[in-house]
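Student: I should like a close look at the nonpolar core, please. Kindly set it in the context of the whole chain, in one connected explanation.

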Amino acid sequence: MATTLNPFVWDRPLDDPAKIIGMESFANHVALTLKAQTNVALFGPRDTGKTTFTNQLALELVKRHGEDAPPFDVVRINLQRVMSIPGFIGCVHDAMTGHPVKRLRRAGQHQIAALEKEIGFDIRVIKGSVKRAGAARERDAETLHAQLLAVRSMSDHLVIVFDEFQRLRHCPGDPLAIIRSALMSSGANHVSLLFTGSIRNVLKMMLEDSQQPIFGEAAEMQLPAIRRVDFLEYLDYQFEATGKPADEQALEYRLNATRSHPRSTQQLAWECWVSTAAGQRGTLETVIGAHERSIERSEFASVMNVLVNGDDGEVNEVRALQLLADRGGSGVTGRALAPLYGFSSHSRVVPALRRLRGRGLVDQRDGEWYIVDPLFNEWLRRASPLADIAGRSLGDER
């Protein structure tokens, strides 16, 4: 008998089109915008599915949408850990030589080989070097520029995705000017750029500050939330198709507990699937137990320990997180609440929330602050002696 695998993935981006939920029309809109030679800056809070969306977008971009909108190839450059120009060079090298599409991978390898012959050294030397001469460091910007020119030669119709683009704000050496020169100048009319970021204010600053090299160069878009009904249908189908059907009440509770947050919902669904025997139904009790285990096994304690052992500003961030988890997004800056959580003044709450937004832990929606990860929110609330729990139940949609 064939083994049935857990259909839920939460610890990495999705690349299976059958498991990407509710983004078809948005992917079409972004694809047509990019094909019209308009760059796009896409914002979405951490773990809400930006990288998964770029995988879906790549599938949309390879479609022919008309004579003036032929198929486009996609090269995705992951900037998540880039802190220097050599690091940037390494990420571009990996994107070119490790592309998942064989045709583009071969094109990338060919371009790298030609570039290395031209510049006279192996780019992997830059990736691996620790002790480097000053002349070599000065050459890094030229190497990155030449490398980005090589990327644009990989295809006649190309979208380059810079994932977690805001990381470049920490990168010395003016990487934005290099990007502009290589990918937004003469000879790059066949290239469009997609910048993704999880920290809205930083991404907007990089694009809206007239002093920045790429000022005004991208249409700004917000990654839409997955509709509740789409998520409900997806979960129902996946449990049913793998022989572990879920009760309606259990499905509703799961989405209430995670506020339909993509990563948290997938994580909780994964836990429920593991906890349900083959051929058995997933009940409300199943999902409640899975919810408890998901919170208990979290990494949230380590995040809090780093902050609580930091400076006064970081300790205020801890206070702000607890206040937000306990009281929700309304009235968190009020004079009455701030002293309960140890703030010396209510005026210190908003600066702490802004710092947390810079970390990608909180965000604002319709003027209200909220903790991005709902499991983190619940973990904080449960441990708090000040939580306002009156009238709050996960069995009712919030």
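Tutor: Contact, or touching, means that heavy atoms lie within 4.5 Å. The model is predicted, so local features need pLDDT of at least 70 and side-chain atom pairs pLDDT 80 or more, while totals for chains, interfaces and linings use all residues. Residues are numbered from 1 along each chain as its sequence is written, and side-chain values use heavy atoms, without hydrogens or water.

Let us begin with one residue. Leaving out residues up to four places away in sequence, Phe-88 touches Ile-77, Leu-79, Val-82, Leu-144, Phe-162, Leu-168, Pro-175 and Ile-179. Phe-88 is also among the residues with the most contacts inside the largest nonpolar core, together with Ile-77, Phe-162, Phe-165, Leu-168, Ile-179 and Phe-195. A nonpolar core is a set of buried Ala, Val, Leu, Ile, Met, Phe, Trp, Tyr and Cys residues joined through side-chain atoms within 4.5 Å; buried means under 20% relative accessible area, exposed over 50% and partly exposed in between (1.4 Å probe, protein chains only). The largest such core of this protein has 41 residues.

Which elements build it? Strand 2 (73–78), strand 3 (158–163) and strand 4 (191–197) each supply at least two residues, and so do helix 3 (85–97), helix 4 (102–119), helix 6 (134–152), helix 7 (175–183) and helix 8 (200–208). The most comes from helix 3, which gives seven residues. A second core, separate from this one, has 39 residues, and Phe-8, Val-40, Tyr-253 and Leu-284 are included in it.

These elements belong to a total of 16 helices and seven strands in the protein; helices (H or I, at least four residues) and strands (E, at least two) are DSSP runs, numbered from the N terminus. Of the 398 residues, 49% are buried. Among contacts with a separation of 6 or more, 71% join residues 24 or more positions apart. The C-alpha atoms fill a box of roughly 70 × 60 × 40 Å along the principal axes.

Glu-164 lies in the loop between strand 3 and helix 7, two elements that supply residues to the largest core. Its phi is near 60°, a positive value in a residue other than glycine, and Glu-164 counts as buried because its relative accessible area is 12%. Asp-366 also has a positive phi, of about 55°, without being a glycine. Asp-366 sits in the loop between strand 6 (362–365) and strand 7 (368–371), but at 79% relative accessibility it counts as exposed.

Burial also occurs in helix 11 (residues 262–275), where Thr-265 is placed. Thr-265 is buried because its relative accessibility is 0%, and, beyond residues up to four places away, its contacts are Phe-231, Leu-235, Arg-254, Leu-255, Thr-258 and Ser-260. Gln-266 is found in helix 11 too and is buried at 5%. With neighbours within four places set aside, Gln-266 is in contact with Phe-8, a residue of the second core, as well as Val-9, Trp-10, Leu-14, Lys-19, Ile-21 and Tyr-234.

Finally, Gln-322 in helix 14 (residues 312–327) is buried at 17%. Outside the residues up to four places away, Gln-322 touches Tyr-341, Leu-380, Arg-381 and Ser-384. The C-alpha atoms of Gln-322 and Pro-13 are separated by 29 Å, with the two residues 309 apart along the chain.
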